[in-house]
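Welcome, and please take a moment to look over the model shown here. A short tour follows, from the whole chain down to a single residue and out to the surface.

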Amino acid sequence: MNFEGLDPSLAEYAPPLHPALDPVLDPHLNPSLLQNVELDPEGVPLEGIAVPESVHLMEGMYSELHTAVSEVGVPVSVSHFDLHEEMLWVGNHGGHATSFFGPTLERYSSFQVNSSDDIRQIQSLENGVLFLTKTNLKYMSRGGLIIFDYLMDESEDMHSLLLTDSSTLLVGGLQNHVIEIDLNTVQETQKYTVEVPGITIMRQSNRFFFCGHTSGKVSLRDLRTFVVEHEFDAYSGSLSDFDVHGNLLVTCGFSSRMNGLACDRFLKVYDLRMMRATTPLQVHIDPFFLRFIPTYTSRLAIISQTGQCQFCEPTGLANPADIFHVNTVGPLIMTFDVSASKQALAFGDSEGCVHLWADSPEVTFNAYSRETDFALPCMVDTLPHLDWNQDLVPLSLIPVPLTSDTLLSDWPAANSAPAPRRAPPVDPEILRTMKKVGFIGYAPNPRTKLRNQIPYRLKETDNEFDSFSQVPESPIGREEEPHLYMVAKKYRKVTIKYSKLGLEDFDFKHYNKTLFAGLEPHIPNAYCNCMIQVLYFLEPVRCLVQNHLCQKEFCLGCELGLLFHMLDLSRGDPCQGSNFLRAFRTIPEASALGLILADSDEATGKVNLGRLIQSWNRFILTQLHQETQEQEGPQAYRGAGSSSFGSSGDSVIGQLFSCEMENCSMCRCGKETVRVSSTLLFTLSYPESTEKPVKDYEFAQILKRSICLEQNTQAWCENCEKYQPTVQTRNIRCLPDVLVINCEVNSSKEADFWKTQAEYAFQRAMMKRGGFEITKGKEISLGEWKELGNPDTGHSYPSVEELKNIWIPHAIKMRLTKSKELDVCNWSESNELSPTDDPESVYVYDLMATVVHILDSRTGGSLVGHIKVGETYHQRKEGVTHQQWYLFNDFLIEPVDKCEAVQFDMSWKVPAILYYARRNLNAKYNLVIKNPIEASVLLAEASLARKQRKCHATFIPLMLSEMPQAGDLVGLDAEFVTLNEEEAELRSDGTKSTIKPSQMSVARITCVRGQGPNEGVPFIDDYISTQEQVVDYLTQYSGIKPGDLDAKISSKHLTTLKSTYLKLRFLIDVGVKFVGHGLQKDFRVINLMVPKDQVIDTVYLFHIPRKRMISLRFLAWYFLDLKIQGETHDSIEDARTALQLYRKYLELSPQGAEPEDFRKVLKGLYEKGRKLDWKMGPCSPPCWPCDRAPRPPARSSPGTPRGRRTHVELEPAAGTGLSPPLPDPPGPGAPGLPLAAPSPRPPARAPS
């Protein structure tokens, strides 16, 4: 900021303004503001100054919220809102910095930055704050510790700094150069010479650096070279302030008048598009500061030194009515700043006060601020309580007075004997996680003890020796030690261990011996896997989403239906929800609700997964309800028949989960307001009782209380025309078919409530079994426990362990009376309704699923589900008819007892979601799945790319007469790009361990005809558009170049992933056989489940067990005499080559031929490969004894289909997939489109 226009008396303020650190106040200071302010001996106020009267803040208007004192009588020189935390920084002319926390301006820290010079600019960074003085740049922590102190030449006079990126800083001042400083090395990296000295203000946009000079000019400089691009001569005197927003630059300053400087009331406005001045803006105050405050419009805030503030548009007229006044303590405003959220303004005055103005009482300085660390409270006057039972409490906590006398504990040597201290046992966690390399063991530090700290006790108790002897000394079998780990093994977070072969040698069958499919957890946001399984095992939901298909690119209903189809096809192999989660990440509502996690959040375990999955549960039901309800016109995708579910007015989700609620609000004036709404789930509401002990409740009572909720709250009453205490009650009008309950156990208070109620329920169950009451203090002998659990005593009850930690029932009976009152009671699975009960008003719900949050500090916790799998699922998978509870922990699936599904040990297993389904639910709904994908998906479609031309077409779509039939061959190849790099760690023994594989996304899919006159001609060659950031295009292996997937500049046939996915799904459903090389990886990344009998993979056709896989390139050279994949890969080339290799395979091993002949061919292939180190030799490959017939042509040339006028331009360029016709070799062939040679694949996909 330029101080030339200030009152000269302020520039050199006199010491008598604050004499000798005397707390006597300056006579100019308003004494009424400091009535409640206590000053310490140094004259620094200890608390902020509250606004004298309560100020009502009007939305959208700025009003004074709070005032605080930085340092009495010392003018404020700069103010700055912290960009990372809810803090306001203030620097003054005495070199002192003070920070205030939050809208109440509580003093956070205060420290001296410079002993003599004023602070001229403040810039907050992630780990600290930069302070600029005349010849010094100091980087300090927010608590006042110095991180670095950079001294400049004494001749420098610095005024401004600009942070160009996270580690580079520009510093300018009255000299004729600007210094660039690297904050990592704290070194000057460059010095830029400026033609006009005196840079006091610097700003930055995405096009220029803007430098404001003391001469009144504003220069626009290049972002890389700092060379002047443009210059505006704004004022004849001096520049006071300027700001940039969008294409506008606005300045204020001083003009030379009558041998002096006068404040110019015209703001100069410049259009950066045309680089010229527009109409100046006349204001009604003397402008000294200005800032853009872009909210709904590009507002300007103009501040005068006397405290007047005016808002106006830079291209409009200033209105005198928009002026307000800042009630300053001192006569002049010295500094002004605007928060990043544009909700708060800060003014600093010449008497050391800072004033906060805001547009709402709950103001935040940043959109997303991190949590501020506060200093620990002072404990000088209170001594900590010492627990003598704790071994590791340091005795140094006991204060001992200084004395020269001998202490009582200092025994003479004659009365004491030295005893060696026994080495403490090694932490069991260290032994459990230790990996041995030779005779040396390596283990991570569990950090359970401080360094060099051991217990004071010398003798160990017998119990400790027993526990020490149980620690396994060998790494073998550590996972099986239950006493080392509270969480049962099957509930722990499962992870996939990756090897050189990726997932091929990982034994998923070890974790899942059923025929149901698990879900893989390594994909971002896969925390919802358990809820996907819950929805899948609801038969009406499974059928609904598989019948649903719409035109939206990212529809969760469509993606869920495609994922459920994969779960149907799987025979125990895990699936992954990558396409569903890809669509989920694009939903703006999911992002707004905080449901999309960063990888770091999932890895560190900072997220409350229980609360998160309950929000996800509410979101997915609402989203599916909306998506399946949007049926304006046919629901089909490109002409398929409409769904058999529901009408256009309601969705099956609404029929299943929704129930109407009547909300009644009663004001104390007697006015009653009733409105009707619907809800898809209920949240448990617990009684707020402070009584000890807690009252005994049945689960049905709490459920009824949560559904028919009654609460007192403040609400607007139209009769009273003000907010009044209101009693709000909620009543249910109809019962849902599926009752969804969010447990809302988010704190220890709710957890204790569940634990207490489970204890009450346990006591009731034991009384029912044994006929006596178990009081809290009563001890029961082991024999009595055994007798209670013994079936020979005549009672067929569960064991005692099966009754512990259970509160919720397996069934609930709900009845809606004629007066619409709700009755809820716990019910038994074996009980049926009495003949007097009306089935229309009395519902029996059976527990169908529970989702629980596993608390595990070692892994950050996880989510698992207990699901009661119905008869229809067992019938489809196993051919048997029964029901069974299963535990679903990602890809771990295990049958469990029904008691385990409702047992919640609150120390590690916390309930999150309950699903109760109405008995005989499936009989009410049509459960027929009609495949909505029709043949029309294979017909021609428009490309998303704007520049794609038909003459560059690389494929000919199928005609109706060419539609594939079951058993037809289709050559397939896909290319991929990388979205996230692989995460790996290097072990202590030098081996590499993959923590997380690279995340791939399909970029190109090609299908070629496998038979007929057009054999080898592509009918699908789709480039897949992606909205996610691509880390690596893998051009060498994929042939994909930057820009190929961008609809604005791509010349390829660009489609959505969903469109191409449906084409492949149709081909799978028809029953075609896919021929390709390394198809397992292709289908995995595309997220397709293909039956094994429909896959012909050439990588396995030409493979000897327990030997290396052979690349397509080498096979093509050896068997077909083709050189493919020269510079880059091309999927058309690869798909054609795979088809030709399959033909060669059929030729070499015809049906009925001796397998020994083909085995000889394979042995010759491997011998040749080893000799050439699997690189293609310069000479032609050999001929084999079995290959007597002439070699089929390397390039067959089928003709163009009749009746279709498609012009195909054949270009030799790589990536088009078609090359110019070459002379046919001897052998059969017809003129037409040639078969091009096939493209290195990513090393992870197939060996090269």
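Helices here are DSSP runs of H or I with at least four residues, numbered from the N terminus. With that in hand, Cys558 can be placed in helix H6. Keep in mind as you read that this is a predicted model.

Let's step back to the whole protein. It has 22 helices and 53 strands, and 49% of its 1248 residues count as buried. About 61600 Å² is exposed, with carbon and sulfur atoms supplying 52% of that area.

Now for the helices that come up in this tour:

| Helix | Residues | Note |
|---|---|---|
| H5 | 539–547 | 9 of 9 residues buried |
| H6 | 556–569 | among the cover of H5 |
| H22 | 1155–1171 | holds Arg1170 |

Helix H5 is mostly covered. Its buried residues include Pro540, Val541, Cys543, Leu544 and Val545, and also Glu539 and Arg542. The cover over these buried residues includes helices H4 (529–536), H10 (609–629), H11 (652–657) and H15 (871–878), along with H6.

Back in helix H6, is Cys558 buried or exposed? Cys558 counts as buried because its relative accessibility is 2%, and the cut-off for buried is under 20%. Leaving aside residues up to four places away in sequence, Cys558 touches His548, Leu549, Cys550 and Lys1058. The C-alpha atoms of Cys558 and Leu624 are 9.6 Å apart, although 66 residues separate the two along the chain.

Finally, have a look at the surface, where Lys1107, Lys1160, Lys1163 and Arg1170 gather in a patch of positive charge. Arg1170 belongs to helix H22.

Technical notes:
Residues are numbered from 1 along each chain as its sequence is written. This is a predicted model: local features need pLDDT of at least 70, side-chain atom pairs count only at pLDDT 80 or more; totals for chains, interfaces and linings use all residues. Side-chain values use heavy atoms; hydrogens and water are left out. Buried means under 20% relative accessible area, exposed over 50%, partly exposed in between (1.4 Å probe, protein chains only). Helices (H or I, at least four residues) and strands (E, at least two) are DSSP runs, numbered from the N terminus. Contact means heavy atoms within 4.5 Å. Patches are made of residues with over 30% relative accessible area and no salt bridge: like charges are joined within 9 Å, nonpolar side chains (Val, Leu, Ile, Met, Phe, Trp, Tyr) within 5 Å. Accessible areas come from the Shrake-Rupley method with a 1.4 Å probe; for residues, only the protein chains shown count as cover. A salt bridge is a side-chain nitrogen of Lys or Arg within 4 Å of a carboxyl oxygen of Asp or Glu. Lys and Arg count as positive and Asp and Glu as negative; His and the chain ends are not counted. The place of a charge is taken as NZ of Lys, CZ of Arg, CG of Asp or CD of Glu.
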